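Hello,

Here is the structure I promised to pass on. Please open it first, then read my notes below.

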Amino acid sequence: MDFFNKLGGSIQNVGKEVTKKTKDLSGTLSLNSQIKENESRLVRIYQTIGENYCSVYAEEARSRYGEEFSQIDAIREAIENDKVQLRVLKGLKLCPNCGAEVENAALHCPMCGTELEVPVVADTPAQDAKPSPAFCPNCGSPLNPGTNFCGKCGSKVG
């Protein structure tokens, strides 16, 4: 019986120790999280102060931090160039009035109604107006785009 009492006491002590370590770990995680959040808040505040300083005291800031401003200017230019390339890839242009992204073929901005310039399309050599079919009309075989003859039966498809 004494053995079981000692065993029960040992189990109870282990349980108390596990509970204490769990509370310690939970407290550690909570404090680490709070520290990270406060550090992030500080960074945002410093960023706001820096941006405001640069706006209000632009000449003084540029004279003091010329190299950094050169880097900022280069990064901003690169970002703008990337945005232009992205719009080209998406087939978009900017409205000159409100700055909204608009389809290239649009005649008016859907956001503000401003009349837009129609893009000038460079003259290209005339091509067959009739696209080749996806399948041979004679034998039904699939065709590659721009094909004039069927590769299977030799029928003219273009």
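**Notes on the model**

Arg87 is buried, with a relative accessible area of 11%. Keep in mind that this is a predicted model. Arg87 sits in helix H3, which covers residues 66–90. Leaving aside residues up to four places away in sequence, Arg87 touches Glu80, Leu92, Lys93, Leu94 and Glu101.

Now the overall layout. The protein chain has three helices and two strands. Along the sequence they follow the pattern α-α-α-β-β. The chain has 158 residues, and 12% of them count as buried. About 13400 Å² of the protein chain is exposed. Carbon and sulfur atoms supply 57% of that area. Take the contacts between residues at least 6 apart in sequence: 4% of them join residues at least 24 apart.

**Salt bridges**

Side chains of opposite charge can pair when their charged atoms come close. The structure holds five salt bridges. Here are some of them.

Asp24 pairs with Lys20, with the closest N and O atoms 3.1 Å apart. These two are four residues apart in helix H1, so about one helical turn separates them. Asp24 is partly exposed at 40% relative accessible area. Lys20 is exposed at 53%.

Arg44 forms a salt bridge with Glu37. Their closest N and O atoms are 3.6 Å apart. Both partners are partly exposed: Arg44 has 44% relative accessibility, and Glu37 has a relative accessible area of 42%.

Asp73 and Arg62 meet in a salt bridge at 3.1 Å, N to O. Asp73 lies in helix H3 and Arg62 in helix H2 (residues 58–64), so this pair ties together parts that are 11 residues apart in sequence. Asp73 is partly exposed, at 33% relative accessible area. Arg62 is partly exposed too, at 40%.

**Cysteines**

How many disulfides does the structure hold? Zero. Cys109 is in no disulfide; its nearest cysteine sulfur belongs to Cys98 and is 3.7 Å away. A disulfide needs the two sulfur atoms within 2.5 Å, so that pair does not count. Cys109 is buried, with a relative accessible area of 4%.

Cys112 is in no disulfide either. The nearest cysteine sulfur, from Cys95, is 3.6 Å away. Cys112 is partly exposed, with a relative accessible area of 33%.

**Aromatic rings**

A pair of aromatic rings is described by the distance of the centres and the angle of the planes. The structure holds one aromatic pair. Tyr53 and Tyr57 form it, and the pair is tilted. The ring centres are 5.4 Å apart, with 40° between the planes. Tyr53 is partly exposed, with a relative accessible area of 24%. Tyr57 is also partly exposed, at 45%.

**A nonpolar surface patch**

Which residues form a nonpolar patch on the surface? They are Leu42, Ile45, Tyr46 and Ile49. Together they have about 440 Å² of accessible area. Tyr46 is placed in helix H1, which spans residues 2–56. Tyr46 is exposed, with a relative accessible area of 59%.

Best wishes

Note on methods:
Residues numbered from 1 in each chain as written. Predicted model: local features only at pLDDT ≥ 70, side-chain atom pairs only at ≥ 80, totals over all residues. Heavy atoms only, no water. Buried < 20%, exposed > 50% of the residue type's maximum accessible area, 1.4 Å probe, protein only. Patch = residues over 30% accessible without salt bridge, like charges linked within 9 Å, V, L, I, M, F, W, Y side chains within 5 Å. Areas by Shrake-Rupley, 256 points an atom, 1.4 Å probe, with all protein chains shown as cover. Salt bridge = Lys/Arg side-chain N within 4 Å of Asp/Glu carboxyl O. Phe/Tyr/Trp six-rings, centres within 6.5 Å; stacked < 30°, edge-to-face > 60°. Contact = heavy atoms within 4.5 Å.
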